[in-house]
Structures are given as structure tokens and as C-alpha cells.
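Work through the exercises below with the structure open. Each task is followed by a solution in steps.

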Amino acid sequence: MNTDAVLLLETVHFAAEKHRHQRRKDPEATPYINHPVGVARILTHEGGVADIEVLQAALLHDTVEDTDTSLAELEVTFGPVVARIVAEVTDDKRLAKEERKRLQVEHAPHCSRQAKLVKMADKLYNLRDLNRCTPVGWTAERVQEYFVWASEVVKGLKGTNPVLEEKLGELFKQRGIRL
């Protein structure tokens, strides 16, 4: 059996278990697992990414931030590279939201190429989701503010994947935001 396929299925299973009680903030309250699976799919289907550790990190990218998962648990289960990539894209929830957002902008240019890929696909997924439907409790202004902030993060990721950058650029252009 294909080892990569087995690894990805184990990773999806782990992420699904960790996120099993979580829902997205869209009006349909979509199961949260759709998000990391969608981020991994963007990487393979649109970004041409075949790096198994990047794909695993995409599937796991919110587990430390949003569940009881620790980086040590990820390292034991999936290895040091996957744990490092997840660590690079994980916000410190102990900090205020505005500080976390500022740090994402500041840290983006210094991330590894692998983490930049996950971050780009994550932003692309979230921005498409915001275009599809407004999260419960969000105003049009808040959506636009998210796009503006995301464009600042993405500026620090330039030079990572031309295809994903072009798709992000199109979304920003539709909102009147220049990269």
C-alpha cells in the first residue's frame, strides 16, 4: 500500500477526531474538519504541492490552536518536520486578537517555505469562504477588514507559489486591495 496515502489518511483521521465537536462560523455551521481538508486540497489541486509533510501540516494546522493538541503530541505522532510547520502557523491564543494578527503579518516573511504554503492556502480558503457567505455576527466592514489584514500577511508570503499568489491577488483585486 502507498505509504503517503496511509500517512494522509492517518492524519485526516487524527484531525477529524480533534475537531469533531467544532463547527465553522458560517450560517450552515459547517463541520470544522472541512476547513483543514479544504486547505490541503487547495495545496494539491491548485498549488501543485505533493510534499507529504506540508499536506499533513495543512490538515493539522489548527489542531494546536483550536483543540487540546500539543506540539509534542504532533511531533511524537507525525514527526518533527510536521510539528515544526504547524508551530510556525499557530497563533498564541494567550495573546490578544489584535496582537496575534500583528504577529502574523510580522512573522510571515520569516516562515519556512513549507509554512508559507500552508498559510497561503489557509488564507485562500478563508477568503473564498468569506466571499461565499458572511460568518454569523460579522458586518460587511469586518469582512473587508479581514481581507485588508490578510493581504498584509500574504505580502510577506510572496515568491512561494505563483499559482496561489495569483488566485489570492484576484480575490484582493475584487475588493480593491493591491498586493
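**Exercise 1.** Is Arg-128 buried, partly exposed or exposed?

Solution. The model is a predicted one. The relative accessible area of Arg-128 is 31%. Buried requires under 20% and exposed over 50%, so Arg-128 is partly exposed at 31%.

**Exercise 2.** Which side chain meets that of Arg-128 in a salt bridge? Classify this partner by accessibility and place both residues in the chain.

Solution. The partner is Glu-46, with an N to O distance of 2.7 Å. Glu-46 is in helix α2 and Arg-128 in helix α8, 82 residues apart, so the pair links distant parts of the chain. Glu-46 has a relative accessible area of 18%, which means that Glu-46 is buried.

**Exercise 3.** Repeat the analysis for the salt bridge between Glu-73 and Lys-18.

Solution. The N to O distance is 3.3 Å. Helix α5 (residues 71–78) holds Glu-73 and helix α1 (residues 3–18) holds Lys-18, so the bridge ties together parts 55 residues apart in sequence. Glu-73 is partly exposed at 27% relative accessibility, and Lys-18 is partly exposed at 22%.

**Exercise 4.** Which residues form one network with Glu-28 and Arg-132 through salt bridges that share partners?

Solution. Start with the pair itself: the side chains of Glu-28 and Arg-132 meet at 3.4 Å, N to O. Glu-28 lies in the loop between α1 and α2, and Arg-132 in helix α8 (residues 113–132), 104 residues apart. Glu-28 is exposed at 53% relative accessibility, whereas Arg-132 is partly exposed at 49%. Shared partners then join Arg-24, Asp-26 and Asp-129 with these two into one network.

Methods
Residues numbered from 1 in each chain as written. Predicted model: local features only at pLDDT ≥ 70, side-chain atom pairs only at ≥ 80, totals over all residues. Heavy atoms only, no water. Salt bridge = Lys/Arg side-chain N within 4 Å of Asp/Glu carboxyl O. Helix = DSSP H or I, 4+ residues; strand = E, 2+ residues; numbered from the N terminus. Buried < 20%, exposed > 50% of the residue type's maximum accessible area, 1.4 Å probe, protein only.
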